[in-house]
Amino acid sequence: MPPAENRTAPRLPSPSSPDPGSPHGGTDGSADARAPLDGSPDLLRAAFRRHPAGVAVITARGSRLAGFTATSLTSVSTEPPLVSFGVGTASGSWPVIAEAEHVGVHLLGEHQRELAGLFARSGADRFAPPTRWREGPEGVPLLESVPVWLVCRVVARVPAGDHRVVVAEVVAGDPAGPGRPLVHHDGCYNALRD
């Protein structure tokens with residue numbers, strides 16, 4: 001679930017720990033006897049706060065420039081080379097992404113925490129200095145100094161609740177930029193550890 005332009009979920013209270021003498025587990029890390037929580041947006045947010053994900057910025061050009069931070073980027077297929085990402089339909093970037101024929105996909109490095117935060121912040125002028133970018137293939141805005149950038153042709157926009165899953169085919173890119181990956185975990189941007 002992308003952090004971009006979405007509200008931060010409140011932390012759910014932790015259910016009480018099981019009785020160490022219980023046959024269902026204890027302090028040794030075995031299965032526990034906590035009752036499962038009902039499915040809800042808060043449960044999903046809380047669960048995915050514990051799931052580390054790579055950080056990407058998606059960009060596009062339409063009547064204006066648009067871009068947002070995403071942690072939902074996925075490699076879908078190698079033949080043809082397809083990726084996917086989610087974008088909220090209430091986000092300021094959606095109207096541009098909804099019409100764009102091509103998008104830029106940027107995998108951020110650990111040196112780009114501020115850039116990730118900027119593209120995740122609603123109302124920010126994301127392409128103003130100090131953001132460094134240039135026009136790339138198909139007119140897509142490309143961010144500079146990223147470990148990887150791709151230009152992708154949008155092939156599908158699939159409705160998925162309050163989001164759309166965008167599927168796009170890679171048409172150009174450079175996987176040899178500087179830096180180690182930036183990771184999003186527990187609401188924070190972190191460096192990848194060995």
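Colleague: Which residues do ring pairs link into a cluster in this model?

Modeller: In this structure, which is a predicted model, ring pairs join Phe 119, Phe 127 and Trp 133 into a cluster. By the rule used here, the count of aromatic pairs comes to 3.

Colleague: What makes Phe 119 and Phe 127 an aromatic pair, and why is the pair called edge-to-face?

Modeller: The ring centres of Phe 119 and Phe 127 lie 5.4 Å apart, and the rule asks for centres within 6.5 Å, so the two rings pair. Their planes make 85 degrees, and because planes over 60 degrees apart count as edge-to-face, that is the name the pair receives.

Colleague: How do you know that the rings of Phe 127 and Trp 133 belong in the class they are given?

Modeller: The reasoning takes the two values in turn: the centres are 5.7 Å apart, which is set against the limit of 6.5 Å, and the planes stand at 80 degrees, which is set against the limit of 60, so the pair of Phe 127 and Trp 133 is edge-to-face as well.

Colleague: Why is Phe 119 called buried or exposed, and what of Phe 127 and Trp 133?

Modeller: Buried means under 20% relative accessible area; Phe 119 has 0% and Phe 127 has 12%, so both count as buried. Trp 133, with 28%, falls between the limits of 20% and 50% and is therefore partly exposed.

Colleague: What makes you say that helix α3 is mostly covered?

Modeller: Of the 8 residues of α3, 6 are buried, namely Leu 115, Ala 116, Gly 117, Leu 118, Phe 119 and Ala 120. The elements that cover these buried residues include β2, β3, β8 (141-143), β11 (182-185) and β12 (188-191).

Colleague: Why are β3 and β4 called edge strands, and of what sheet?

Modeller: The sheet is an open one of 7 strands, in the order β3-β2-β6-β9-β10-β5-β4, with antiparallel pairing. Strands β3 (65-70) and β4 (74-78) each pair on one side only, and they are the edge strands. Neighbouring strands of the sheet are turned against each other by 35 degrees on average, with direction ignored. Helix α3 (residues 113-120) packs on this sheet, where the helix touches β2 and β3, and its direction makes about 115 degrees with that of β3.

Colleague: How do you know that β2 and β6 are paired?

Modeller: Pairing requires at least two bridges, and 4 bridges join β2 (residues 56-61) to β6 (residues 102-107), so these antiparallel strands pair. Within β6, His 106 is the bridge partner of Val 57.

Key
Residues numbered from 1 in each chain as written. Predicted model: local features only at pLDDT ≥ 70, side-chain atom pairs only at ≥ 80, totals over all residues. Heavy atoms only, no water. Helix = DSSP H or I, 4+ residues; strand = E, 2+ residues; numbered from the N terminus. Axes fitted to C-alpha atoms, helices over the stretch in contact; angles between N-to-C directions. Contact = heavy atoms within 4.5 Å. Phe/Tyr/Trp six-rings, centres within 6.5 Å; stacked < 30°, edge-to-face > 60°. Buried < 20%, exposed > 50% of the residue type's maximum accessible area, 1.4 Å probe, protein only.
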